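Notebook open, viewer running. I'm jotting down what I look up as I go.

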Amino acid sequence: MPIKLENVGIAVRDIEATIAFFTDLGLTVVGRDTISGEWADTAVGLDGNHAKIAVLQTPDGGGQLELFEYIHPDAIETEPTRPNEIGMHRVAFSVDDIDEALAIAAKHGFAPLRGVATYEDVYKLSYVRGPSGIIVMFAEDLTK
């Protein structure tokens, strides 16, 4: 059976702030909508499901994020995940310049969890806690 990753869905507290963060990093909004109805209840598994959604795409066209902000039922706040917790962990992006990516994150009020690491002179890596507590990894390929 052929399979293709379609997108990664992330529930967010403030869809507009999250869109601003990811579009500043270079993603493009390719769709926005407000969804509700029986089909949405069935697909998601929540009665009365009503949400604002936005689909963002990476510049190379190879990856998409689907952001959703719940109108109903109310969003449930949780503690931000830690890098060693089981479950959805992070969203990772290859970047040409990690310092530029970190400067964009800082403009939105987000800083690395610890700093920038270099892996075997191959990658510079950093984890940032972004909007709604999303862990975003930046990786700069040093071999290019």
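I started with S3 and S4, which pair in the antiparallel sense over eight bridges. For me, strands are DSSP runs (E, at least two residues) and helices are too (H or I, at least four), numbered from the N terminus; two strands pair if DSSP finds at least two bridges between them. S3 and S4 make a hairpin with six residues between them, and Gly61 in the turn has a positive phi of about 80°. I also found His50 opposite His72 in S4.

Note to self: this is a predicted model, where local features need pLDDT of at least 70 and side-chain atom pairs count only at pLDDT 80 or more, while totals for chains, interfaces and linings use all residues. Numbering runs from 1 along each chain as its sequence is written, and side-chain values use heavy atoms, with hydrogens and water left out.

What else pairs with S4? Strand S1 (residues 8-11) does, running parallel to S4 and joined by four bridges. Val8 stands opposite Leu65 in S4.

Next, the inside. I looked up the largest nonpolar core (buried Ala, Val, Leu, Ile, Met, Phe, Trp, Tyr and Cys residues joined through side-chain atoms within 4.5 Å; buried means under 20% relative accessible area, with a 1.4 Å probe and protein chains only). That core has 23 residues, and Phe22, Leu65, Leu67, Phe93 and Phe138 have the most contacts inside it. Helix H1 (15-24) and strand S8 (135-141) are among the elements that each supply at least two of its residues. A second, separate core of five residues includes Ile35, Ala40, Ala51 and Ile53.

I then checked Leu67 for contacts (heavy atoms within 4.5 Å). Skipping residues up to four places away in sequence, Leu67 touches nine that I listed, including Ile10, Ile19 and Ala54.On to the other sheet: four strands form an open sheet in the order S5-S8-S7-S6, with mixed pairing. S5 and strand S6 (117-119) stand at the edges with a single partner strand each, so one side of each has no neighbour in the sheet. S5 runs parallel to S8, joined by five bridges, and Val95 stands opposite Glu140 in S8.

Last, Ser126, which sits in strand S7. Is Ser126 buried or exposed? Ser126 is buried, with a relative accessible area of 2%. Its side chain reaches the backbone oxygen of Gly115 at 2.8 Å. Leaving aside neighbours within four places in sequence, I found Ser126 in contact with residues including Ile98, Leu102 and Phe138.

Note on methods
Buried means under 20% relative accessible area, exposed over 50%, partly exposed in between (1.4 Å probe, protein chains only). A polar contact is a pair of N or O atoms within 3.5 Å; within protein, one must be able to donate a hydrogen and the other to accept it, and residues adjacent in sequence count only if both atoms are side-chain atoms.
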